[in-house]
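Visitor: I am new to this structure and would like a close look at a single part of it, the sheets and what is built around them. Could you take me through that part slowly, and then outward to where the chains meet?

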2 protein chains.
Amino acid sequence: MTRGTEQPAIVLVRPQMGENIGAAARAMWNFGLDRMRVVGPRDGWPNPKAVAMASGAGRLLDEAQHTDTLADALSDCHFVLATTARSRDLTKTVYEPREAMAEAARRIAAGQRVAVMFGPERAGLENEDVAQANAIVTVPVNPEFYSLNLAQCVLLMSYEWQRATADIAPKAEALAGTEFAEAHEVEHLARHYEQQLDEAGFFFPETKAEGMKVNLRNMWSRMPLTRADVQMLHGMMRQMVRWANKKAG
Amino acid sequence: MTRGTEQPAIVLVRPQMGENIGAAARAMWNFGLDRMRVVGPRDGWPNPKAVAMASGAGRLLDEAQHTDTLADALSDCHFVLATTARSRDLTKTVYEPREAMAEAARRIAAGQRVAVMFGPERAGLENEDVAQANAIVTVPVNPEFYSLNLAQCVLLMSYEWQRATADIAPKAEALAGTEFAEAHEVEHLARHYEQQLDEAGFFFPETKAEGMKVNLRNMWSRMPLTRADVQMLHGMMRQMVRWANKKAG
């Protein structure tokens, strides 16, 4: 996640609590966003409480663009999204976060500048604010319950931005370094267990022995065994035999 | 978002601050999740600070399952996801939240019970906790900066659950007919092997014993074990012991 790649600006409109501004900065930087704009913050600018809260993401506040009016904050933008808790009767496209950030990514890739604005904690954006946006984004929350705070809203949008722009991460990447057992190793393990269990009298009664052996083979081949697993399983069986021999004296 | 539809359980493991438990409940309920399980909360249960913070989502706390051990909390689950800040060297599949919740949705549609566990605020899950999971979920954050708090992690997973179930009408898989082992059955198997191998002197030298036990646990929980597999594995070990005793006369 390199700084400096093109990205949407996060515009906080008349934020009230410094703590929330700091928390929003942290939420952004978790997903590699670092362009904040702050419009008419209630307690002035810079805000020491914001700085205290932002720890680790303080640079975003230092570099934030501070303006008195929303129009100034949005003046260089080609496409502006307004986040609202519920859709309003404003005859604008309403996106969910995923679609909104996909659209933002397309436009940014085409050289446009994009902003996403968030309203004050208590009441959200006014209709006059939303009127300055090209489209609306609404998080599809439980209709019975909405309790997202400012930083959580910023977090979800930042997360979706990162998802929209991340290369599709290979599933199971941590397994990439893992050495899975090859078929001949699993076969060898299966034979080891089969022989030893046979000696121990496991495949009994004889009429069922073949079926039991097939089930056991099936189990081994169905498991995603690593080389380390195979070694451990060999070791377990060897130790049981050693123990038995020792008991026998 | 109806209550009562099948959904993953959110398992908070040794949470520290009541406020964070309450905030996690709110995060869940924003996206229609209402099954919380709380394991060994630091300040006891019920927790008045959690209740105060949960306002509007307090029902989730009233109905939360409270247990002392993680094994108890997971005992009825077929598929358990562990959220971790960074991937660990545990040879388990690592999902991103979206894939993880898609997988959870598929399994739930096929009749399985799924849990997603979250560690304590400060340090996250211990390796012994993660060993009880079938797979890991890691939020793909900025490698230079990780500051997600507990409620934010729960929020992102809950959001992705809601997206997974809103977008997809999940199809029950071919897995639907297979009886997979529940976590308590795998746990019981793991204990059986651990005890018996311990008696046989497998966990040697002592300095390596803990690591060997974690590896073994990890292997069991990583395997897609069916009930029939578990019974066969129990039977194998029992037979080895019988054989040893017979040899000893």
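**The sheets and their surroundings**

Guide: In chain A, strand β4 (residues 79-83) and strand β6 (residues 114-118) run parallel and are joined by four bridges. Within this pair, F79(A) of the one strand stands opposite V114(A) in β6(A). Before going further, please keep in mind that this is a predicted model, and that what follows describes that model.

The pair belongs to an open sheet of seven strands in chain A, whose order is β3-β2-β1-β6-β4-β7-β5 and whose pairing is parallel. At its edges lie β3 (65-67) and β5 (93-95) of chain A, each of which pairs on one side only. From one strand to its neighbour the sheet of chain A turns by 25° on average, with direction ignored.

Two helices of chain A can be followed across this sheet. Helix α5 (residues 97-109) of chain A lies across β4, β5, β6 and β7 (135-137), and its course makes about 110° with β5(A). Helix α7 (residues 150-165) of chain A lies across β1 (9-13), β4, β6 and β7, running at about 155° to β6(A). The strands β4 and β6 with which we began are thus among those that α5(A) lies across, and they are also among those that α7(A) lies across.

One residue in a loop of chain A deserves a pause. R14(A) sits in the loop between β1 and α1 (18-30) of chain A, and its phi is near 45°, a positive value in a residue that is not glycine. Most residues other than glycine have a negative phi.

Chain B also has an open sheet of seven strands, with the order β3-β2-β1-β6-β4-β7-β5 and parallel pairing. Its edge strands are β3 (65-67) and β5 (93-95) of chain B, each pairing on one side only, and the twist from one strand to the next averages 25°. Toward one edge, strand β2 (residues 36-39) of chain B pairs with β3(B) in the parallel sense over three bridges, and there R37(B) has Q65(B) in β3(B) as its bridge partner. Helix α1 (residues 18-30) of chain B packs on this sheet, where it touches β1 (9-13) and β2 of chain B, and its direction makes about 160° with that of β2(B). Helix α5 (residues 97-109) of chain B lies across β4 (79-83), β5, β6 (114-118) and β7 (135-137), running at about 105° to β5(B).

Two peptide bonds in chain B also call for attention. The bond from W45(B) to P46(B) is cis, with omega near 0°, and P46(B) has its place in the loop between β2 and α2 (48-53) of chain B. The bond from F204(B) to P205(B) is likewise cis, with omega near 0°, and P205(B) is found in the loop between α8 and α9 of chain B. Most peptide bonds are trans.

Moving outward, we come to the place where the chains meet: 69 residues of chain B are in contact with 68 residues of chain A. Between them the two chains bury about 5900 Å², of which 65% is on carbon and sulfur atoms. Across this interface there are 19 residue pairs in polar contact and five salt bridges, and E96(B) forms a salt bridge with R163(A), their closest N and O atoms being 2.0 Å apart. On the side of chain B that touches chain A, the elements giving two or more residues are α1, β5, α5, α7 (150-167), α8 (183-199), α9 (206-222) and α10 (227-248). Helix α10(B) gives the most to that side, with 14 residues. Sorted by kind, the residues on the side of chain B that touches chain A are 38 nonpolar, 18 polar and 13 charged.

Key:
Residues are numbered from 1 along each chain as its sequence is written. Chains are lettered from A and ligands numbered from 1 in the order in which they are written. This is a predicted model: local features need pLDDT of at least 70, side-chain atom pairs count only at pLDDT 80 or more; totals for chains, interfaces and linings use all residues. Side-chain values use heavy atoms; hydrogens and water are left out. Two strands pair if DSSP finds at least two bridges between them. Axes are lines fitted to C-alpha atoms, for helices over the stretch in contact, and angles run from 0 to 180 degrees between N-to-C directions. Contact means heavy atoms within 4.5 Å. Buried area is the accessible area (1.4 Å probe) that two parts lose on being put together, summed over both. A salt bridge is a side-chain nitrogen of Lys or Arg within 4 Å of a carboxyl oxygen of Asp or Glu. A polar contact is a pair of N or O atoms within 3.5 Å; within protein, one must be able to donate a hydrogen and the other to accept it, and residues adjacent in sequence count only if both atoms are side-chain atoms. Ala, Val, Leu, Ile, Met, Phe, Trp, Tyr, Cys and Pro count as nonpolar, Asp, Glu, Lys and Arg as charged, and the others, Gly among them, as polar.
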